[in-house]
Amino acid sequence: MKTKLIIAGAAVLLLGGIILLAKPSGKAAPAGKNTGVITLNETNFQKELKGRVVLVDFWATWCPPCRVMGPVIEQVAAESGSIGSVGKVDVDENQSLAMRYQVQNIPTTIIFKDGKEVARFVGINSKEFLLQQMKKAK
């Protein structure tokens, strides 16, 4: 019994430490604020996807892997140039979009061409990989 309590206490402390480490140390620039990343929502989603290649990052502020992907998405936006555009959808604020595109895990990155999904990736990916996939979609 005592051993189980010690193990449970250690697990709680470890989990607490992970949560503290996962919290952002500073304010990240919101999508669209000098990053080249378009903030997508129910209102502008279809318009922004029309007639071009767009990489869309489905994410949430509380998701540690999403925060790891944040700077990668910004780098992709900065380097995608003539390949296409980059946008982000906060799944907490845009649940209907997440449901429409059956986003069950985050981060999920979907590449759209002319408003149609052409590729989907779940989890953390490199800038190089995402740029390569955008080129394939073009």
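This is a short talk on the predicted model of one protein chain, going from the overall fold to a few individual residues.

Hi everyone, thanks for coming. Let me start with the overall layout. The chain has 138 residues, and the model gives it five helices and five strands. Reading from the N terminus, the order is α-β-α-β-α-β-α-β-β-α. Buried residues account for 39% of the chain. The accessible surface is about 8500 Å², and carbon and sulfur atoms contribute 60% of that. Now take the contacts between residues at least 6 apart in sequence: 70% of them link residues at least 24 apart.

Since this is a prediction, how confident is it? The mean pLDDT is 83, with 75% of the residues at 70 or more. Where is confidence lowest, and where is it highest? The low end is helix 1, residues 2-22, with a mean of 44, and the high end is strand 4, residues 108-113, at 98. Please keep an eye on residues 8-29 as you look at the picture: pLDDT stays under 50 there, and the model has six contacts for that stretch beyond four places in sequence.

Next, a pair of helices. In general, two packed helices are described by the angle and the distance between their axes. For helix 3, residues 64-80, and helix 5, the axes come within 9 Å and cross at roughly 45 degrees. Helix 3 is therefore oblique to helix 5. The crossing is right-handed. Which residues make the contact? On the helix 3 side they are Met-69, Val-72, Ile-73, Gln-75, Val-76, Glu-79 and Ser-80, and on the helix 5 side Lys-127, Leu-130, Leu-131 and Met-134.

Let me stay with Ser-80 for a moment, which sits in helix 3. Is Ser-80 buried or exposed? Its relative accessible area is 4%, under the 20% cut-off, so Ser-80 counts as buried. Setting aside residues up to four places away in sequence, Ser-80 touches Val-86, Leu-131 and Met-134. If you want a distance to check on screen, try Gly-36: the C-alpha atoms of Ser-80 and Gly-36 are 9.6 Å apart, with their positions 44 residues apart along the chain.

Over in helix 5, residues 127-137, there is Gln-133. Gln-133 has a relative accessible area of 12%, so this glutamine is buried too. Beyond its neighbours within four places in sequence, Gln-133 is in contact with Ile-111 and Phe-121.

Now for some backbone details. As a rule, most residues other than glycine have a negative phi, and most peptide bonds are trans. Here are some departures from that. The loop between helix 4, residues 95-100, and strand 4 holds Pro-107. The bond joining Ile-106 to Pro-107 is cis, with omega about 0 degrees. That loop between helix 4 and strand 4 is also home to Gln-102, a non-glycine residue whose phi is positive, near 50 degrees. Gln-102 has a relative accessibility of 60%, so it counts as exposed.

After strand 4, have a look at Asp-114, in the loop that leads to strand 5, residues 116-122. Asp-114 is not a glycine either, yet phi is positive, at about 55 degrees. With 47% relative accessibility, Asp-114 counts as partly exposed.

That's the tour. Thanks for listening, and I'm happy to go back to any of these spots on the screen.

Technical notes. Residues are numbered from 1 along each chain as its sequence is written. This is a predicted model: local features need pLDDT of at least 70, side-chain atom pairs count only at pLDDT 80 or more; totals for chains, interfaces and linings use all residues. Side-chain values use heavy atoms; hydrogens and water are left out. Helices (H or I, at least four residues) and strands (E, at least two) are DSSP runs, numbered from the N terminus. Buried means under 20% relative accessible area, exposed over 50%, partly exposed in between (1.4 Å probe, protein chains only). Contact means heavy atoms within 4.5 Å. Accessible areas come from the Shrake-Rupley method with a 1.4 Å probe; for residues, only the protein chains shown count as cover. pLDDT is the predictor's confidence in each residue, from 0 to 100. Axes are lines fitted to C-alpha atoms, for helices over the stretch in contact, and angles run from 0 to 180 degrees between N-to-C directions. Angles under 35 degrees count as roughly parallel, over 145 as roughly antiparallel, 65 to 115 as roughly perpendicular and the rest as oblique. A crossing is left-handed if the near helix is turned anticlockwise from the far one by less than a right angle, and right-handed if clockwise.
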